[in-house]
Amino acid sequence: MENSEGVKIESTVVTEEPLISALDIALFVVIITVAYFWYFKRDKQSSSSEKKPYTIQPSSLSSIEQTSNSSFIKKLKSTGRSLVVFYGSQTGTAEEFAGRIAKEGARYKMKGMVADPEECDMADLVEMKEIQKSLAIFCIATYGEGDPTDNAMDFYEWLQNGDADLEGLNYAVFGLGNKTYEHYNEIAIYIDQRLEELGATRVHESGLGDDDANIEDDFVSWKEKLWESVCSHYGIEETGEESNIRQYKLVDCSEVLPERIFSGEISRLKSYENQRFPFDVKNPYLSKIAVNRELHKSGDRSCMHIEFDIDGSKMRYDTGDHVAVYPKNSSELVDKIGELLNADLDAVFSLLNTDEESSKKHPFPCPCTYRTALTYYLDITSNPRTHIMKELIEYASDPKDQEKLKLMASSTPEGKKEFHEWILRDNRNIVHILEDLPSVKPDLDHLCELLPRLQCRYYSISSSPKVYPKSIHITAVLVNYTTPTNRVNKGVATNLLAQLIPTNDELPQPTIPIYIRRSQFRLPPKSQTPIIMIGPGTGLALFRGFIQERDYARKEGREIGEMVLYFGCRKKDEDFIYENELQEYVANGTLTKLHLAFSRDQPEKKYVTHLLEQNADELWNIIGEKSGHLYVCGDARSMAKDVHSIIVKVVMEKGQMTNSQALNYVKKMEQQKRYSADVWS
């Protein structure tokens, strides 16, 4: 944003005016100054506009990268590669899949590399045809309301706005999505179609992975057929060579000075000791926990209200945004891995990429101790994927353990069934696998290479910056559950947060790394616009911020529109969170209506969807007659779908429309941001 300065000039009446007055001189100076800055501003903009997009230099010690502009085409040509696998990843899964495809390319005499589209000039795709038997594969995730991942945003916009001639480009696409969301795999579908429109040749039909079912199975099935298509398209055969080759090599760092060793930082060494603005996914802010209190009044479940102190951080958020929390694994699980593998967890090591051309030098910040890697960087609580089963086979000394791993790593119906039952249904993580297959003793450095990165957890912000500019509030349910093997699995982030209780004395307050992720979930620009909010359970969290913002506007004397809230929980006397606050907003007029559904306070279950069906006239009055906004926050699997069906039915009946007309009406509401959903599965 450019700032402009106003110049105030005062004139004085005199008896005799000189030829050039002070006013003339002042005006002349102002004109010259403005012209000077305009000229150099234009020159600066002109220079910047000549720069190519997507040319962010990745860090690497490769001599080639030091002398080029990080062109993936140059890397492919200089190293004799013909396969490049791009990934659009928000949680790391797409990146992992991309790595597995690139690794398998060697079995088909296609040496591959993995590439982040954010670090590449994607316009270079037009030059892929210059490489013999070349292939570009895209592993692309869709998240949010049909949004591209952060690192694929520029590429997505380039495809939308450009008209490059991609004739000669051979490609395939695998999408990662979740069928519980309306915009299932929307980005992958678009990229697949758009590449074809621009003249590229689809080597294999796109694959659509469903994370709500078994995305690993979807990926493996697609990948097997992909290689069949590749062999047919290029007239090549599988070499039969196994691809279990280490991507990283172990480096002993026992002599590294302590101040050069990572201790949990996400990217920059000592970043938590020397905090620097701006704060983002690679540079989170170490926030103090200002408040941590229980919201449930009774029962065996826990819901926490937590406030992060951001005073002095320069961080700003808007109502409706999310906050990302960086968790760490429990010391109990970490110690268990060290015990099972008889490993020294405090040994300092590094994993260095064996591919010198890769922009990814390490799988996580190195050097560090094994304890640090297992605590802060690696996911040790999720269900491992089949490729990890395959890599563990060589470490099994018992033939029975070996056969079990081989079966689960296979793509046979029997193997898929065993993997589904023993890993997914029984909810085993890597610790459980090592416990239940005692002869499996992998090298700890290899295990660290295989395990996926520990991801931050996102929470809807349950406060308004107008009311709380110096803190961020979240509402989080403590996750604990018993698995079919009678083990207690604990949510990584919520169980850590439950331990971070601020004290009233002078002791240092507990802290946790966070950053703000922007959202498209926003209140209407005009405070007079009526809104309906549907948020059972912790879905209420985000609407707490909405209500605070409208209440702030009301207290300022501004007119506010109707605010109708639908909230549901199990029992009024047990888990009715923020009850007193909500009743106060009703009393002062900020909340026009509060519809409550307590599902277990009567013999028959009662949910917010039942209330919506009963209040069809009110719904149509706001979304139909008054062009109000409707918001849904909470469970995507059933609640959000049911709400959508009810809204379509209301539009049909009260708006006197056919089913197709009602669907189009609701679709238009979504396009106009009058129907918004912030849901999770």
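1. A residue counts as buried here when its relative accessible area is under 20%, as exposed when it is over 50%, and as partly exposed in between. Arg487 makes the cut: its relative accessibility is 18%, so it goes down as buried. Keep in mind throughout that this is a predicted model.

2. Staying with Arg487, have a look at its partner. Glu435 forms a salt bridge with Arg487, and the closest N and O atoms are 3.1 Å apart. Glu435 belongs to helix 13 (residues 430-436), while Arg487 is in the loop between strand 16 (480-482) and strand 17 (488-490), so this pair ties together parts that are 52 residues apart in sequence. On the cover side, Glu435 has a relative accessible area of 30% and is therefore partly exposed, whereas Arg487 is buried at 18%.

3. The next pair to check is Arg428 with Asp436. Their salt bridge has its closest N and O atoms 2.8 Å apart. Arg428 is buried, because its relative accessible area is 7%. Asp436 comes out at 28% relative accessibility, so it counts as partly exposed.

4. Both pairs belong to one network. Salt bridges link Lys336, Glu339, Arg425, Asp426, Arg428, Glu435, Asp436 and Arg487. If you are setting up charges, this is the group I'd pull up on screen, with the buried Arg428 and the buried Arg487 among its members.

5. How many salt bridges does the model have by this rule? The count comes to 40. One of them joins Lys77 and Glu130, with the closest N and O atoms 2.6 Å apart. Lys77 sits in helix 3 (residues 72-78) and Glu130 in the loop between strand 2 (112-115) and strand 3 (135-143), so the pair ties together parts that are 53 residues apart in sequence. Lys77 is partly exposed, because its relative accessibility is 43%.

6. Now for a charged side chain with backbone contacts. Asp321 is in the loop between strand 10 (303-309) and strand 11 (322-325). Is Asp321 buried or exposed? It counts as buried, because its relative accessibility is 0%. A polar atom of the Asp321 side chain lies 2.9 Å from the backbone nitrogen of Asp318. The backbone nitrogen of Ser519 also has a polar atom of that side chain at 3.0 Å.

7. On the surface, Arg570, Lys571, Arg600 and Lys605 make up a positive patch. Arg600 is placed in the loop between strand 21 (593-598) and helix 19 (608-614). With a relative accessibility of 42%, Arg600 is partly exposed, because that value falls between the two cut-offs.

8. Helix 20 (residues 616-625) is mostly covered, with seven of its ten residues buried. The buried ones are Ala616, Glu618, Leu619, Trp620, Ile622, Ile623 and Gly624. For reading that list, recall that an α-helix has 3.6 residues a turn, so residues three or four places apart point the same way. Just after helix 20 comes Ser627, which has a positive phi near 50°.

9. Two more positive phi values deserve a glance. Asn342 is not a glycine, yet its phi is positive at about 50°. Asn342 lies in the loop between helix 8 (331-340) and strand 12, and it is exposed, because its relative accessible area is 74%. Tyr578, also a residue other than glycine, has a positive phi near 55°. Tyr578 is in the loop between helix 17 (572-575) and helix 18 (579-588), but it counts as buried, because its relative accessibility is 7%.

10. Watch the cis peptide bonds when you build a topology. The bond from Phe277 to Pro278 is cis, with omega near 5°, and Pro278 is in the loop between strand 8 (248-252) and strand 9 (285-294). Cys366 and Pro367 are also joined by a cis peptide bond, with omega about 0°. Pro367 lies in the loop between strand 12 (348-353) and strand 13 (368-369).

11. Last, a loop residue. Ile560 is found in the loop between helix 16 (540-555) and strand 20 (563-569). Its relative accessible area of 18% is why Ile560 counts as buried. The C-alpha atoms of Ile560 and Lys526 are 8.3 Å apart, although the two residues are separated by 34 residues along the chain.

Conventions: Residues numbered from 1 in each chain as written. Predicted model: local features only at pLDDT ≥ 70, side-chain atom pairs only at ≥ 80, totals over all residues. Heavy atoms only, no water. Patch = residues over 30% accessible without salt bridge, like charges linked within 9 Å, V, L, I, M, F, W, Y side chains within 5 Å. Areas by Shrake-Rupley, 256 points an atom, 1.4 Å probe, with all protein chains shown as cover. Salt bridge = Lys/Arg side-chain N within 4 Å of Asp/Glu carboxyl O. Lys, Arg positive; Asp, Glu negative; His and termini not counted. Charge placed at Lys NZ, Arg CZ, Asp CG, Glu CD. Helix = DSSP H or I, 4+ residues; strand = E, 2+ residues; numbered from the N terminus. Buried < 20%, exposed > 50% of the residue type's maximum accessible area, 1.4 Å probe, protein only. Polar contact = N/O pair within 3.5 Å; in protein donor to acceptor, adjacent residues only side chain to side chain.
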